[in-house]
Amino acid sequence: MTRTNPTATVGAGRSWLQRHRWLLWRRFSQLGILALFLLGPLAGVWLVKGNLSSSLTLDWLPLTDPHLLAQVLLTGQVPEMTAFIGTLIVILFYLLVGGRVFCSWVCPVNLITDLAAWVRRRLNLKANVQLSRSTRYWVLGLTLVLAAGTGTLVWELFNPVSLLHRGLIFGMGLAWTILLGVFLFDLLVAKHGWCGRLCPVGAFYSLLAFKSLLRVSAARREACDDCMDCFEVCPEPQVIRPALKGAGKGLGPVILDINCTNCGRCIDVCDREVFQFGGRFSRATSDNKGRVGAGSGGSRAAEVRAARVG
């Protein structure tokens with residue numbers, strides 16, 4: 001299926017609320033978390049102190065970004081014990097639900113990159129630059145090397161997440177430039193370019209997802225009609241195909257790739273209700289030994305389109 005206006009047809013067989021259910025929950029989560037951090041400095045209600053890098057909730061629950069702690073240790077500094085406790089809590093949480101959940105349910109920069117993706121679909125813009133998705137791991141390594149080599153937290157000077165938080169409180173300043181750059185990069189240069197190919201924070205959190213229990217499953221993959229809506233909206237479309245198209249190869253329906261963000265967009269837009277949230281040990285709800293892709297026989301054309309989207 002070739003779209004002339006992808007936005008107009010994605011999930012067209014479902015109501016607006018059905019097509020945006022998990023997206024709305026994600027926005028509630030992202031904006032709600034951001035509001036908790038801003039209540040203190042803007043309204044004097046200190047439920048949470050700090051920011052997404054390091055915080056203290058209700059004066060007793062410490063949370064520390066593991067990527068930040070790694071940088072601090074590489075600079076030669078020894079943080080307080082609460083930083084180690086906060087890091088352990090964060091690691092245990094994301095080991096359970098999936099590290100990239102941070103990207104889709106917590107990170108405020110995701111609001112900007114999702115907006116760029118939406119505008120790109122509205123204007124039917126094509127990707128101009130194809131960066132390897134492994135680039136983000138090289139950038140992650142660079143942030144750690146810079147911390148060790150300079151003795152300072154170089155990455156935190158440019159981290160869009162930190163800049164956005166500080167900018168909302170103290171004035172945007174440089175943050176406007178960085179955040180606008182992220183938006184334009186995703187819009188004009190590379191589809192899902194920042195989160196999918198460059199962001200070292202997402203790269204770090206993906207390493208916590210290798211055994212996470214919460215997963216998206218293509219539980220009814222035999223009902224797939226190769227409409228490609230899930231590939232169109234997924235920020236990491238390469239994670240879908242093994243679970244959706246792997247029945248004949250002995251692959252299960254659960255998306256096990258560490259870079260799945262558990263955003264739920266594939267669930268939202270699928271008219272056939274192929275996808276659902278479940279556990280990493282979930283099984284398909286019906287026999288998948290026959291065709292994959294009702295009415296298409298898992299056509300080669302659909303496979304080619306999937307590769308192009310990914």
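Me: Helices are DSSP runs of H or I with at least four residues, strands are DSSP runs of E with at least two, and both are numbered from the N terminus. In which helix does L96 lie?
Reply: This is a predicted model, in which local features need pLDDT of at least 70 and side-chain atom pairs count only at pLDDT 80 or more, while totals for chains, interfaces and linings use all residues. Residues are numbered from 1 along each chain as its sequence is written, and side-chain values use heavy atoms, with hydrogens and water left out. The protein contains 15 helices and five strands. The helix in which L96 lies is α4.

Me: Is L96 buried, exposed or partly exposed?
Reply: A residue is called buried under 20% relative accessible area, exposed over 50%, and partly exposed in between (1.4 Å probe, protein chains only). The relative accessibility of L96 is 42%, so L96 counts as partly exposed.

Me: Which residues is L96 in contact with, leaving aside its neighbours within four places in sequence?
Reply: L96 and L208 are 112 residues apart along the chain, and their C-alpha atoms are separated by 8.8 Å. Contact means heavy atoms within 4.5 Å. With the neighbours within four places in sequence left aside, the contacts of L96 are S212, L213 and L214.

Me: What span does α4 reach from its first C-alpha to its last?
Reply: The expected span of a helix is 1.5 Å times one less than its number of residues. For the 17 residues of α4, the expected value is 24 Å. The span reached by α4 is close to this, at 25 Å.

Me: Why do the buried residues of α4 lie on the same side of the helix?
Reply: The buried residues of α4 are A83, G86, T87, V90, Y94 and V97. The arc that they cover around the axis is narrow enough to put them on the same side of α4. It is taken from the directions from the helix axis to the C-beta atoms. The reason is therefore an arc of only 105°.

Me: Which residues are exposed on the other side of α4?
Reply: The buried residues of α4 pack against β3 (61-64), α3 (66-74), α5, α11 and β4 (214-217). On the other side of α4, the exposed residues are M81 and L92.

Me: Which residue stands opposite P62 in β3?
Reply: Two strands pair if DSSP finds at least two bridges between them. Strand β2 (residues 54-57) pairs with β3 in the antiparallel sense over four bridges. The covered face of β3 holds P62 and T64, and the uncovered one L61 and L63. Opposite P62 stands L56.

Me: Which element gives the most residues to the largest nonpolar core?
Reply: A nonpolar core is a set of buried Ala, Val, Leu, Ile, Met, Phe, Trp, Tyr and Cys residues joined through side-chain atoms within 4.5 Å. Of the 32 residues in the largest one, Y94, F102, V109, L179, W194, V201 and Y205 touch the most other members. The elements that give two or more residues to it include α4 (81-97), α6 (109-123) and α9 (174-189). With six residues, the element that gives the most is α9.

Me: How many residues does the other core have?
Reply: Leaving aside its neighbours within four places in sequence, L179 is in contact with V109, I112, P160, L164 and M172. Apart from the core of L179 lies another, with A218, A223, V239 and F275 among its members. The number of residues in this other core is 19.

Me: What kind of aromatic pair do F93 and Y94 form?
Reply: Rings of Phe, Tyr and Trp (its six-membered ring) pair if their centres lie within 6.5 Å; planes under 30 degrees apart count as stacked, over 60 as edge-to-face and the rest as tilted. A search of the whole structure finds nine aromatic pairs. The ring centres of F93 and Y94 are 5.0 Å apart and their planes are at 80°, so this pair is edge-to-face.

Me: Is Y94 buried or exposed?
Reply: F93 is partly exposed, with a relative accessible area of 43%. For Y94 the relative accessible area is 7%, so Y94 is buried.

Me: How many residues apart are W155 and W194?
Reply: W155 and W194 form a stacked aromatic pair, 6.4 Å centre to centre with 20° between the planes. This pair links distant parts of the chain, with W155 in the loop between α7 (135-150) and α8 and W194 in helix α10. Both W155 and W194 are buried. Their separation in residues is 39.
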